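Student: Could you take me through one part of this structure up close? I'd like to hear about the aromatic rings and what packs around them.

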Amino acid sequence: EQHLSSSKDKKPIFEDLLTKQTIPASAALANIRKLASLGISRTLIADYFVNLVDANATTLGFLAAAQAVPAWQNLLENVLLKTARSQNRLPGKTLVLVNRASSMGFCLDCTPIEPHTDLTRADIALAITIDLQKICDEIELWGFTADSNSWTQQVINKLRGKAVIDTWCKPIALTSGFSLRASLEPQPATSNLNAALELILKQDYQRLIVITHQNPAPLEPMHG
């Protein structure tokens, strides 16, 4: 680290670290934009990850790196998907319920989770879902926003001039890797977790995992 900070030409130092596998995967992922800007070859990056086993290399780290250097996204995704699936798997069906409201990533007051990345709450949901695929025997994925009849959603619909998708709580086709991002894309809607749970509790599953933020349910107006 001292050598890197004091050296003006950092490219050969990074190349040596990658070749000798002496840089932790978490550090390589965190510096992926710098590696690309220095002209580190894609081939060297691929070779580095081939036999790497590093518990600190998280799914979220791979996701942040892929967003930082889109040209290397396929490479990073392939490495992520090749990581071993857990031997101690959760039996039965796991139902994963994900908040898809605008506050999960694209509303004006929602800042990225990490200050040095573009990650949002929706990206966190993606990373968790990918990880769950590695440890669960069976997953059923659902997304929810808010019932179009709720007063908060009606306000949003009027402001936008159109209604949100009619099916506000529904199953999502489960794919692997970063391609699942599109299915978890936040919608122009608010969310109501309590109403969603009323529907979900009627489903058949062994365990329920809810991915949402700290205040998902709108307050309905009080009458009389």
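Tutor: Here's the ring cluster, with a bit of context before and after.

First, the ground rules: this is a predicted model, in which local features need pLDDT of at least 70 and side-chain atom pairs count only at pLDDT 80 or more, while totals for chains, interfaces and linings use all residues. Residues are numbered from 1 along each chain as its sequence is written, and side-chain values use heavy atoms, with hydrogens and water left out.

The protein has 10 helices and four strands; these are DSSP runs, helices being H or I over at least four residues and strands E over at least two, numbered from the N terminus. In order from the N terminus, the elements go α-α-α-α-α-α-α-β-α-β-α-β-α-β. Of the 224 residues, 41% are buried, where buried means under 20% relative accessible area, exposed over 50%, and partly exposed in between, using a 1.4 Å probe and protein chains only.

Now to the rings. There are two aromatic pairs. For the cut-offs, rings of Phe, Tyr and Trp (its six-membered ring) pair if their centres lie within 6.5 Å; planes under 30 degrees apart are stacked, over 60 edge-to-face, and the rest tilted. Y48 and F49 have ring centres 4.9 Å apart and planes at 75°, so that pair is edge-to-face. F49 and F62, with centres 5.7 Å apart and planes at 50°, make a tilted pair. F49 sits in helix α5 (residues 42–50) and F62 in helix α6, so this pair ties together parts that are 13 residues apart in sequence. Together, the ring pairs link Y48, F49 and F62 into a cluster. As for burial, Y48 has 1% relative accessibility, F49 has 6%, and F62 is buried as well.

What surrounds them? F49 and F62 belong to the largest nonpolar core, of 41 residues, and are listed with L18, L35, I45 and L76 as the members touching the most others. A nonpolar core here is a set of buried Ala, Val, Leu, Ile, Met, Phe, Trp, Tyr and Cys residues joined through side-chain atoms within 4.5 Å. L18 is worth a stop: beyond its neighbours within four places in sequence, L18 is in contact (heavy atoms within 4.5 Å) with I23, L35, I40, L44, I45 and Y48. Apart from this core lies another, of 11 residues, including W142, A195, A196 and I200.

L18 also takes us to helix α2 (residues 11–19), whose buried residues are I13, F14 and L18. Seen down the α2 axis, these fall within an arc of 130°, so they line one face of the helix; the arc is that of the directions from the helix axis to the C-beta atoms. After α2 comes Q21, with a positive phi near 55°.

Back at F62's helix, α6 (residues 59–68) also holds T59, which is buried at 6% relative accessibility. The side chains of T59 and D131 are joined by a polar contact of 2.4 Å. That term means a pair of N or O atoms within 3.5 Å; within protein, one must be able to donate a hydrogen and the other to accept it, and residues adjacent in sequence count only if both atoms are side-chain atoms. Leaving out neighbours within four places in sequence, T59 is in contact with L80, A127, I130, D131 and K134.
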